[in-house]
Amino acid sequence: MSYDLTDEQRLFRDTVRRLAHERVEPRAAEIDASGAYPLDVYQLFQEYGLLGLAMPEAYGGGGADLLTLAIAIEEVARVCATSSLIIAAQHLGAMPLMLAGTPAQKERFLLPIASGEHMAAFALTEPEAGSDAAAARTRAEPEPGGGYSLTGQKVFITNGGLADTTVVFAATGDRTGAAAMSAFVVDKDMPGFSVGRVEKKLGIRGSQTAELRFDHVHLEADRLLGQEGDGFKIAMRTLDRTRLGIAAQALGIAQGAFDLAFAHVRGRRQFGRALTEFQGLQWTLADLALQIEASRQLLYRASEVVEQAGFAIDSSREVTRLSAMAKLQCSDTAMRVTTEAVQLFGGYGYIEDYPVARMMRDAKITQIYEGTNQVQRIVIFRNLEADA
Ligand SMILES: Cc1cc2nc3c(=O)[nH]c(=O)nc-3n(C[C@H](O)[C@H](O)[C@H](O)COP(=O)(O)OP(=O)(O)OC[C@H]3O[C@@H](n4cnc5c(N)ncnc54)[C@H](O)[C@@H]3O)c2cc1C
């Protein structure tokens, strides 16, 4: 198995890098300052086929592999973490459909997501069910005439209130916990579906994060993904794949902050010398470059391994373990590199006019969402005995 980039992937990386530099970077500070969702960037990515990049060609996607998707997210995150989340969140919302949708469900729901005509979201987290996702209380009760009635609340949902299509996880039947959970496709305009609080955040401010409420939302039976009780498995296998996107986002943030900090210390003189002439800073830069490269190698390898698994609903322990490792490693690297980058800028690093302050705030979320880094350690541990 090789995870060197092919010529095609290198060409693609350079194209996305140029696009990000020319069209996204000039918007990044304003997106952060206003906190407004950058619909123009969504439309730009739609135009360039980045929203459905790694979705099947048969359903209008780009058919690219997960490494190519990681490269796209990484390149955009180098200049704007919020914008990179547009690509990652679309993939997250689509993944349950890719894993468990019937051909008819894919035709109906995945096709418009892959083209970008519909924005997607993934709604698992609840006020009392974050890390312990199986404790979700949202329920889908069978209705006498067929279908389900969905009632409950989700919080912190990326694209919440904007997404046309949301995959919502809810308990069905008499069982409780993971065994009870089922996955449903919910449309934005369904009666009983409303948007609550829209969160104000430390970072990724242009991404909309909202509370969703469901009050007896009627769902036809054909909105159930897989069988009743498959929901938890669908959610976990989704995260096995999409955590790579968060890892890529984190890696891009780290690389972007490193590049800025390196350029700054090379150009800045104190004590009559360039700052890079001080060994203390040389060692810091060497350590950061090492962390970034090690993180990239892990992410690219994990992307290859997860890609091989395809859209199979049963992942191997290696798939689950490696994607959790990549997310943990890349996000810790992002936090470390961005914090050091602020330090290397000195007082300027603390001023909002310089992007490294924003990058440090943006980096933090990568240690929290799609499972906190404590949860990644739990996942890694549980999947350790794989090769024993
Ligand atoms: C900006 C943003 C976007 C998000 N987007 C989405 C989305 O699109 N869809 C979605 O479903 N969710 C989303 N989330 C939710 C996110 O995944 C959760 O916030 C996260 O999983 C943590 O859950 P929690 O906030 O309830 O924290 P808690 O579970 O309450 O955790 C609090 C602390 O305790 C630690 N902890 C918990 N259990 C253990 C344990 N067993 N051992 C050790 N430590 C533990 C955690 O690591 C954390 O440090 C988003 C969150 C944010 C902030």
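**Exercise 1. Two helices**

Task: In this predicted model, describe how the axes of helix H8 (residues 317-344) and helix H9 (residues 355-365) are placed relative to each other, and state which residues make the contact.

Solution. Begin with the axes, which come within 9 Å of each other and cross at roughly 160°. Angles over 145 degrees count as roughly antiparallel, and therefore H8 is roughly antiparallel to H9. The next step is the sense of the crossing, which for H8 and H9 is left-handed. Then list the residues that form the contact: H8 supplies Ala-334, Met-335, Thr-338, Thr-339, Ala-341 and Val-342, while H9 supplies Val-356, Ala-357, Met-359, Met-360, Ala-363 and Lys-364. Sorted by class, the contact of H8 with H9 consists of nine nonpolar, two polar and one charged residues.

**Exercise 2. Two domains in contact**

Task: Find the domains of the chain, and then work out which elements build the side of domain 1 that touches domain 3.

Solution. Start from the domain assignment, which gives domain 1 as 7-115, domain 2 as 120-225 and domain 3 as 231-387. For domain 1 and domain 3, the centres, taken over C-alpha atoms, are separated by 19 Å, and the contact takes 26 residues from domain 1 and 26 residues from domain 3. On the side of domain 1 that touches domain 3, at least two residues each are supplied by helix H1 (7-34), helix H3 (66-77) and helix H4 (81-100). H4 gives the most to this side, with eleven residues. As a last step, sort this side of domain 1 by class, which yields 19 nonpolar, two polar and five charged residues.

**Exercise 3. The shell around the ligand**

Task: Determine how many residues surround the ligand, which elements give two or more of them, and where the ligand lies with respect to domain 2 and domain 3.

Solution. First count the shell: 19 residues surround the ligand, and the closest are Thr-125, Gly-130, Ser-131, Thr-158 and Thr-372. Next, turn to the elements, where strand S1 (120-123), strand S3 (148-158) and helix H10 (373-382) are those that give two or more residues to the shell. S3 gives the most, with three residues. The composition of the shell by class is nine nonpolar, eight polar and two charged residues. Finally, consider the domains: the ligand lies between domain 2 (120-225) and domain 3 (231-387), because both of them give residues to the shell around it.

Technical notes. Residues numbered from 1 in each chain as written. Predicted model: local features only at pLDDT ≥ 70, side-chain atom pairs only at ≥ 80, totals over all residues. Near = placed C-beta within 6 Å. Helix = DSSP H or I, 4+ residues; strand = E, 2+ residues; numbered from the N terminus. Nonpolar A, V, L, I, M, F, W, Y, C, P; charged D, E, K, R; others polar. Domains from an automatic or database assignment. Axes fitted to C-alpha atoms, helices over the stretch in contact; angles between N-to-C directions. Parallel < 35°, antiparallel > 145°, perpendicular 65-115°, else oblique. Left-handed = near helix turned anticlockwise from the far one by under 90°. Contact = placed C-beta atoms within 7 Å.
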